[in-house]
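Me: Hey, can you walk me through this protein? I'm new to this, so plain words please.
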Amino acid sequence: MSLISQMLGDDETLDPFLSMMNRCPVLSTPTDWKETKDAHVFLSDLPGLKKDEVKVEVDGRVLQISGDRHADDDDDEDKNKKMIKWHRVERCRGKFQRRFRLPENAKVEQVKAHIENGVLVVTVPKQELKKPNTKLVQIQGN
């Protein structure tokens, strides 16, 4: 238990996993989804990640945002070959993945994405769906 309290700090809530999820973007990858007149827009908080560390894919009508936050190259030794002593490690590392089922009006072949200031913006244009034709069916019999 001391390792967990050391990782999370002494003043954490009673549920350390929930507390870690709230703090760790790799685990939770907070994403907003808004719909405008012309598109569905997804905004994912990915602080410190570069575009080559993030992947955006569309499989059918499923949008998938994934990536991997790697440890710093100097985690064990600095450039002068001196050992580094970490006093606290709170930034999470590892893989993340979020999936969203896109609505029928999504133009999945025209998805665009860009990342700026740690925010990934994925834009999925919308198309107008044709309303199905209603046909009156005659009832046979008396």
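Reply: Sure, one term to start with: helices (H or I, at least four residues) and strands (E, at least two) are DSSP runs, numbered from the N terminus. This is a predicted model, where local features need pLDDT of at least 70, side-chain atom pairs count only at pLDDT 80 or more, and totals for chains, interfaces and linings use all residues. Residues are numbered from 1 along each chain as its sequence is written, and side-chain values use heavy atoms, with hydrogens and water left out.

Me: Ok, where does K126 sit?
Reply: K126 is in the segment after β7, which covers 119-125.

Me: And which residues does K126 touch?
Reply: Contact means heavy atoms within 4.5 Å. Not counting residues up to four places away in sequence, K126 touches E35, T36, K37, D38, A39, H40, N105 and K107. With E35 there's a side chain to side chain polar contact at 2.8 Å. A polar contact is a pair of N or O atoms within 3.5 Å; within protein, one must be able to donate a hydrogen and the other to accept it, and residues adjacent in sequence count only if both atoms are side-chain atoms.

Me: What does E35 stand opposite?
Reply: H40 in β2. Strands β1 (residues 31-35) and β2 (residues 39-45) pair in the antiparallel sense over five bridges, and a hairpin of three residues joins them. Two strands pair if DSSP finds at least two bridges between them.

Me: How many bridges link β2 and β7?
Reply: Seven, again in the antiparallel sense. One of the partnerships is L43 with V121 in β7.

Me: Is β2 mostly covered or uncovered?
Reply: Mostly covered: five of its seven residues are buried. Buried means under 20% relative accessible area, exposed over 50%, partly exposed in between (1.4 Å probe, protein chains only).

Me: New topic: how many residues are in the largest nonpolar core?
Reply: It has 13, and F42, V54, L63, I65 and V122 have the most contacts inside it. β4 (62-69), β5 (94-101) and β7 each supply at least two residues of this core, and β7 gives the most, with three. A nonpolar core is a set of buried Ala, Val, Leu, Ile, Met, Phe, Trp, Tyr and Cys residues joined through side-chain atoms within 4.5 Å.

Me: What is I65 in contact with?
Reply: Leaving aside neighbours within four places in sequence, the list for I65 includes V54, F96, F100, L120 and V122.

Me: Last one: what's the phi of N117?
Reply: About 55°, so positive, although N117 is not a glycine. Most residues other than glycine have a negative phi. N117 lies in the loop between β6 (112-116) and β7, and N117 is exposed, with a relative accessible area of 74%.
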